[in-house]
Amino acid sequence: GNQMEAAAAEAGPTRRPIDFTDPTYGGRIRQIFNPAGDEHNLYHYRSVFNADNSRLLGIETPAGSSDYNVTLYDGEGRFLKRLFTQAEYDWTLVWDRRDPRSFFTRKRGTVYRYDVEAGQAKALKTFGNPTVTAGPSGLSLNEKGDRLLLRMSDESVRTFRLPSLDDERICAIEIPDGWYANWDKLRFTGHKDYFAITIEQKLPLPQGVLPMPPITRIYDGVTGKLFHTHDALTAGHHDFS
């Protein structure tokens, strides 16, 4: 009662779902509209929906602000409440694939499980040296949802068994001279324990030298071994199957 009234007051008259029919296929489309700020939703590869599609997340930047607000909606796109700001926990989070109440996030070197119903975060593990590194690649889960992928400050990729974050597996990314890892694109692919990372050439190049196309490597997140290399492919706004 009181929580729902408070949520409705916070939502105000501006946050509202707008329904329309797809002109080609006839399906119902629902847009979450908030003219009071920008709606980013979840960037790159993270799914907005939880494990049973009963909740979804939004990432909002209020007008005149540069902070990100993580907000919770029901499965139909009706606003429920604001969870936290970027200053409190990181917005590059990932839903638990088994527990519809929870997602994983972090703050600096600590990884948390966040309960959206209680609005509370429980620390799972704090990393010292190397520590978890900030960046838009964020957190990622394998296909089964029982391993979490983290980018570390020593330029290694590590996967850990959930929920205790044990059984650490390390994959050192070997980067050729004159190239760099595009950490922005790092993630589990969603198939088994494979993860993808794109390697790109550093710019600018000497005059008259043409740039080489990027490559995307697929690694096994359990063994740490290189599985496959895609030439001339960026695993980001481009993708592969």
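A residue counts as buried here if its relative accessible area is under 20%, exposed if over 50%, and partly exposed in between (1.4 Å probe, protein chains only). By that yardstick, buried residues make up 42% of the 241 residues in the protein.

Before you click around: this is a predicted model, where local features need pLDDT of at least 70 and side-chain atom pairs count only at pLDDT 80 or more, while totals for chains, interfaces and linings use all residues. Residues are numbered from 1 along each chain as its sequence is written, and side-chain values use heavy atoms, with hydrogens and water left out.

**Stop 1: the whole chain**

Show everything as a cartoon. You get one helix and 18 strands; helices (H or I, at least four residues) and strands (E, at least two) are DSSP runs, numbered from the N terminus. The radius of gyration is 20 Å, close to the 18 Å of the globule rule for 241 residues, so the protein is as compact as a globular protein of that length. (That radius is taken over C-alpha atoms, and the rule is 2.2 Å times the number of residues to the power 0.38.) Along its principal axes, the C-alpha trace spans about 60 × 45 × 35 Å.

**Stop 2: the sheet of strands 3 to 6**

Now select residues 37-39, which is strand 3, and 79-85, which is strand 6. They belong to an open, antiparallel sheet of four strands in the order 3-4-5-6; two strands pair if DSSP finds at least two bridges between them. Strands 3 and 6 are at the edges with a single partner strand each, so one side of each has no neighbour in the sheet. Neighbouring strands here are turned by 35° against each other on average, direction ignored (axes are lines fitted to C-alpha atoms, for helices over the stretch in contact, and angles run from 0 to 180 degrees between N-to-C directions). Add strand 4 (residues 55-62) and strand 5 (residues 69-74): six bridges hold this antiparallel pair. Pick Ile-59 and you'll find its bridge partner, Val-70, in strand 5.

**Stop 3: the aromatic cluster**

Show the rings of Phe-84, Tyr-89, Trp-95, Phe-103, Tyr-112 and Tyr-114, which ring pairs link into a cluster. Rings of Phe, Tyr and Trp (its six-membered ring) pair if their centres lie within 6.5 Å; planes under 30 degrees apart are stacked, over 60 edge-to-face, and the rest tilted. The whole structure has 12 aromatic pairs. One of them, Tyr-89 with Tyr-112, is edge-to-face at 5.1 Å centre to centre, with 70° between the planes. Tyr-89 is in the loop between strand 6 and strand 7 (94-95), while Tyr-112 is 23 residues away in strand 9 (residues 110-115). Both tyrosines are buried.

**Stop 4: Gly-26**

From Tyr-114, jump to Gly-26, 37 Å away C-alpha to C-alpha and 88 residues apart in sequence. Gly-26 is in the loop between strand 1 (16-21) and strand 2 (28-33). It is partly exposed, with a relative accessible area of 45%.

**Stop 5: Gln-201 and its sheet**

Finish with Gln-201 in strand 16 (residues 194-201), buried with a relative accessible area of 17%. Its side chain reaches the backbone nitrogen of Met-212 at 2.6 Å. Zoom out to the open antiparallel sheet in the order 15-16-17-18. Strand 15 (179-188) and strand 18 (226-231) are the edges, each pairing on one side only. Six bridges join strand 16 to strand 17 (residues 215-220), and Thr-198 stands opposite Thr-216 in strand 17.

Terms used:
A polar contact is a pair of N or O atoms within 3.5 Å; within protein, one must be able to donate a hydrogen and the other to accept it, and residues adjacent in sequence count only if both atoms are side-chain atoms.
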